[in-house]
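Please read the following briefing alongside the sequence and the coordinates. The points are grouped by topic.

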Amino acid sequence: MQKRLFQFLFIFFLSSQIIQAQKPQKLNSGEIYNQIQKLNFLGSVLYIAAHPDDENTQLISFLSNNIKARTGYLSLTRGDGGQNQIGSQLRDLLGVIRTQELIEARKIDGGEQFFSRANDFGFSKNAEETLQIWDKQKILSDIIWTIRKFQPDVIINRFDHRTSGNTHGHHSASAKLSFECFNLANDPTVFPEQLNSVALWQPKRQFYNTSWWFYGSKEKFDAADKSKMLKVQTGVYYPLVGKSNQEISALSRTSHQSQGYGSIGSRGIETEYLEPINGDAILDSASIFEGIDTSWNRIKGGKPIGDLLKTIISEYDFTNPSASVPNLAKAYSLIQALDENHWKELKSLDLKNIISACSGLYLEAVAQNQEATPGSSVKLKLEAINRSEVKMQLVSVRTLPNQELIMQNKELINNISQNSTLDLQLSESIDYTQPYWLKEKGTEGIYTVSDQKNIGIPDIIREVKVVFLVLINGIEIPFERTVVFKSNDNIKGEMYNFLDIVPEVTSSILDKVLLFNDSKSKSIAVKVKAGKDDIKGNISLELPDNWIVSPKNFPFHIDKKGNEQIFYFDVTPPKLAEEAVAKSIVTIGNKSYDKDQIIIDFDHITKQQVLKPAEAKCIRFDLKTNSETIGYIMGVGDEVPKSLTQMGYTIMLLNPEQITTEKLKNIDVIITGVRAYNTVQALAKKQDILFDFVKNGKTMLVQYNAPGTFVTPNIAPFPLKISLDRVSEENAAVRFLEPNHPVLNYPNKISQTDFQGWKQEQGLYYPNEFDKAFTPILSSNDKGETPKNGALIVAKYGKGYYIYTGLSFFRELPEGVTGAFKLMANLISLKSNN
Ligand SMILES: [Zn+2]
């Protein structure tokens with residue numbers, strides 16, 4: 001059970017550079033030494049919070065690299081509810097990106113990553129609401145499962161379990177659940193079914209990792225009574241890697257690119273504060289492990305291993321790490337002789353990594369293609385090379401999951417490569433590569449993961465591997481390698497990806513929301529992509545019977561794997577308003593395929609394949625528009641332009657650098673994408689042109705920006721101040737402050753029901769102070785809060801209109817929320833009204 005988990009938890013200590021996420025990391029002599037020291041420490045800490053980026057990377061790095069503890073971070077969610085600063089992916093796809101960012105962060109700071117099934121459903125103002133939506137019992141079960149599996153000596157909470165409501169509800173909920181679990185994990189009556197796979201576990205103590213920002217200011221924190229807190233000096237320097245702890249922490253933090261968390265490293269003394277909240281207090285000690293045996297003596301038969309490792313450490317030769325290999329191999333065989341035990345598994349894996357690093361033993365299995373289909377045969381190139389004088393023999397290679405054993409019996413002589421090829425046969429039933437937590441349909445609050453063993457695993461589960469069995473100094477050691485694909489990029493150089501198992505064919509309805517303003521037919525584009533060579537079949541578009549699709553299907557033939565064809569179906573909607581789901585289905589022989597392949601590919605994370613149902617939402621409703629031409633200025637990335645095209649508008653994507661009065665001549669309305677004034681520097685120089693555009697009689701619509709740094713102090717022609725005001729209850733009642741205002745009446749009559757069925761949130765970062773030139777149109781608030789009136793404010797400027805809105809159009813339009821379409825059409829038509 002645990003073996004599988006640990007296969008994904010290679011800990012690479014302080015890798016000096018992360019160039020491309022999935023490249024194998026190669027340890028230098030100093031890094032190997034640190035890893036050997038870590039082998040000799042048997043203590044563990046689990047840090048618990050709610051989101052990717054909640055974790056204190058400074059403390060995690062310190063615990064992992066200075067104390068040399070096994071350090072885990074359990075992020076209850078994968079961060080689906082956040083915003084995205086590097087692309088237009090939202091919800092579950094953003095969760096996939098943020099999962100990978102956390103995995104990269106841990107490779108840098110030396111921690112290990114875990115998740116629960118909790119879904120980040122968006123901002124929540126208190127823990128009670130959060131626990132209701134999450135399903136408290138299930139998340140409690142996941143935390144206890146992780147504790148029983150990880151067996152932490154110490155648990156550290158990022159948030160305070162005693163308060164609720166002064167931070168994100170997910171934050172307080174994470175702390176409350178973690179606090180409850182401290183004793184429950186050791187209670188045999190709690191989730192007893194787990195005990196078939198994991199044992200009871202009692203952590204020794206639990207802390208709350210407080211910080212000045214929970215006190216409101218540094219001054220207040222300086223004045224606070226900290227006598228009951230443990231102070232940990234985390235500002236240490238690691239000469240073997242040439243970095244301070246804070247510099248490593250900053251690199252780790254910078255992995256959160258989608259959240260814009262680039263960080264500058266610092267140096268010098270720094271203190272972290274830990275307030276004991278459970279278990280044995282240890283205030284007069286400097287170590288969180290006080291009184292806990294963190295040596296090999298803590299396990300039966302461990303003492304000789306600890307003694308041997310001490311010898312290895314004292315005799316370590318920085319100019320020749322391979323001199324340690326005979327003793328390391330001996331330590332490996334001693335560990336194998338131990339009774340089955342938590343540490344046995346972990347340390348064996350670490351030790352194998354150290355042995356290969358010390359001896360320059362490089363083992364790799366490279367597929368000829370990056371994608372393969374079930375039932376096909378994958379050509380693999382194997383490379384095995386020992387770059388030391390240590391005597392080694394490649395005994396055999398075994399392929400997984402098909403368990404084919406191929407004897408080798410080849411000497412691995414210093415710096416002589418042993419290359420070979422083999423064909424790996426994939427079974428027809430092998431799973432497609434995809435995030436396991438998205439395979440089944442979840443709820444708003446929780447992913448569905450039906451295999452309990454997978455809960456907690458951070459990453460995609462990759463099954464295709466090669467196990468190289470190497471005889472080192474008379475001891476057989478199996479080294480497992482996931483099959484990769486390599487290519488050369490003329491600019492970036494060697495590129496690594498994993499082998500992905502893909503369907504034989506995938507299809508995609510290019511627009512995910514299709515609007516039918518009247519009963520005329522529309523052409524719908526469907527793309528078919530071949531997962532293997534020479535596929536022949538039929539593609540059809542399925543809709544309820546009152547939607548007429550023509551033709552019924554298209555036959556197709558694609559001869560090359562990876563190639564695509566696009567087909568256009570004519571769809572005639574019913575007369576009356578209706579919503580339906582269109583599904584594209586490919587049939588080949590008697591098999592049908594209904595998956596859409598989504599590739600997420602950024603340089604800072606491993607390339608991800610997500611398979612979703614190939615579907616789109618078709619909406620027949622009466623939307624009135626006035627065919628304006630829209631100039632759209634992209635911010636950090638959103639799907640609003642696609643939605644505007646669906647609404648029937650002509651869209652011109654404007655390059656902000658090239659905006660001139662002349663270029664705007666044929667445009668009626670300028671819309672800025674989300675966070676444009678936080679990120680698009682060129683806008684600072686173009687404000688005069690844009691404001692003149694408004695003054696001369698046109699409309700400008702600015703979507704939400706986050707408070708903080710703006711590219712210009714004057715984002716509007718009149719003063720306004722962006723605040724943290726938000727309405728996170730997506731269906732909060734909306735009051736009309738100006739019921740007769742054109743934006744609520746023309747060309748579409750807006751009613752309160754148009755604010756029902758919104759997704760995730762109503763809006764965010766509303767202006768809370770604005771010039772009297774602005775007319776606030778709407779008012780709403782979350783339960784128990786004061787009214788927020790800045791969601792939509794409109795100002796007449798010259799002959800035109802300037803509109804600022806924090807309403808979440810960027811979420812609602814791509815989800816096909818009809819009320820949001822109507823309101824957007826009215827904002828665009830404001831000028832046409834007069
Ligand atoms: Zn958070």
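**Confidence and overview**

Over residues 1–19 the pLDDT stays under 50, and for this stretch the model has 66 contacts beyond four places in sequence. The structure is a predicted model, and across the chain the pLDDT averages 94, with 96% of the residues scoring at least 70. The points below take up the zinc site, the nonpolar cores, a covered helix, several strands and some backbone details.

**Zinc site**

- The zinc ion is coordinated by His51 through ND1, by Asp54 through OD and by His171 through NE2, at 2.0 to 2.1 Å.
- Along the sequence, the spacing of these donor residues follows the pattern H-x2-D-x116-H.
- His51 lies in the loop between strand S1 (44–49) and helix H3 (57–67), while His171 belongs to helix H7 (residues 169–184), so the pair ties together parts that are 120 residues apart in sequence.
- His51 is buried, with a relative accessible area of 6%, and His171 is likewise buried, its relative accessible area being 11%.

**Nonpolar cores**

- The largest nonpolar core holds 80 residues, and within this core Leu644 and Tyr802 touch the most other members.
- Helix H17 (residues 818–828) supplies the largest share of this core, with 7 residues.
- When residues up to four places away in sequence are not counted, Leu644 touches Ile630, Tyr632, Tyr649, Ile651, Ile671, Met824 and Ile828.
- Apart from the core that contains Leu644 lies another, of 56 residues, among them Tyr33, Ile312, Ala331 and Leu412.

**Helix H2 and its surroundings**

- Helix H2 (residues 29–39) is mostly covered, in that 10 of its 11 residues are buried.
- The buried residues of H2 are Ser29, Gly30, Glu31, Ile32, Tyr33, Asn34, Gln35, Ile36, Lys38 and Leu39, and they pack against H3, helix H10 (303–315), helix H11 (325–336) and helix H12 (342–359).
- At the N-terminal end of H2, Asn28 acts as a cap, with a side-chain oxygen that lies 3.1 Å from the backbone nitrogen of Gly30.

**Strand S36 and its partners**

- In strand S36 (residues 699–702), Thr699 and Leu701 point one way whereas Met700 and Val702 point the other way, and all of them are buried.
- Strand S35 (residues 669–672) pairs with S36 in the parallel sense over 4 bridges, and in this pairing Thr672 stands opposite Val702.
- S36 also pairs with strand S43 (residues 800–805), again in the parallel sense and over 4 bridges, and here Thr699 stands opposite Tyr801.

**Strands S6 and S9**

- Side chains alternate along strand S6 (residues 230–233): Leu230 and Val232 point to one face and are buried, while Lys231 and Gln233 point to the other and are not buried.
- S6 and S9 run antiparallel and are joined by 4 bridges, with Val232 standing opposite Glu272 in S9.
- Asn278 has its place in strand S9 (residues 271–279), and at 15% relative accessibility this residue counts as buried.
- With neighbours within four places in sequence left aside, Asn278 is in contact with Phe179, Phe182, Asn183, Lys204, Arg205 and Gln206.

**Backbone details**

- Most residues other than glycine have a negative phi, and most peptide bonds are trans.
- The peptide bond from Ser550 to Pro551 is cis, with omega near -5°, and Pro551 lies in the loop between strand S25 (548–550) and strand S26 (553–558).
- Tyr746 and Pro747 are also joined by a cis peptide bond, for which omega is about -10°, and Pro747 lies in the loop between strand S38 (734–736) and strand S39 (763–770).
- Asn409, a residue other than glycine, has a positive phi, near 45°; Asn409 lies in strand S14 (residues 404–411) and, at 47% relative accessibility, counts as partly exposed.
- Asn415 likewise has a positive phi, near 70°, and is found in the loop between S14 and strand S15 (418–425).

Definitions and conventions:
Residues numbered from 1 in each chain as written. Heavy atoms only, no water. Donors = N, O, S within 2.8 Å, 3.2 Å for Na, K, Ca; no water. Helix = DSSP H or I, 4+ residues; strand = E, 2+ residues; numbered from the N terminus. Buried < 20%, exposed > 50% of the residue type's maximum accessible area, 1.4 Å probe, protein only. Pairing = 2+ DSSP bridges. pLDDT = per-residue confidence, 0-100. Contact = heavy atoms within 4.5 Å. Core = buried A, V, L, I, M, F, W, Y, C linked by side-chain atoms within 4.5 Å. Polar contact = N/O pair within 3.5 Å; in protein donor to acceptor, adjacent residues only side chain to side chain.
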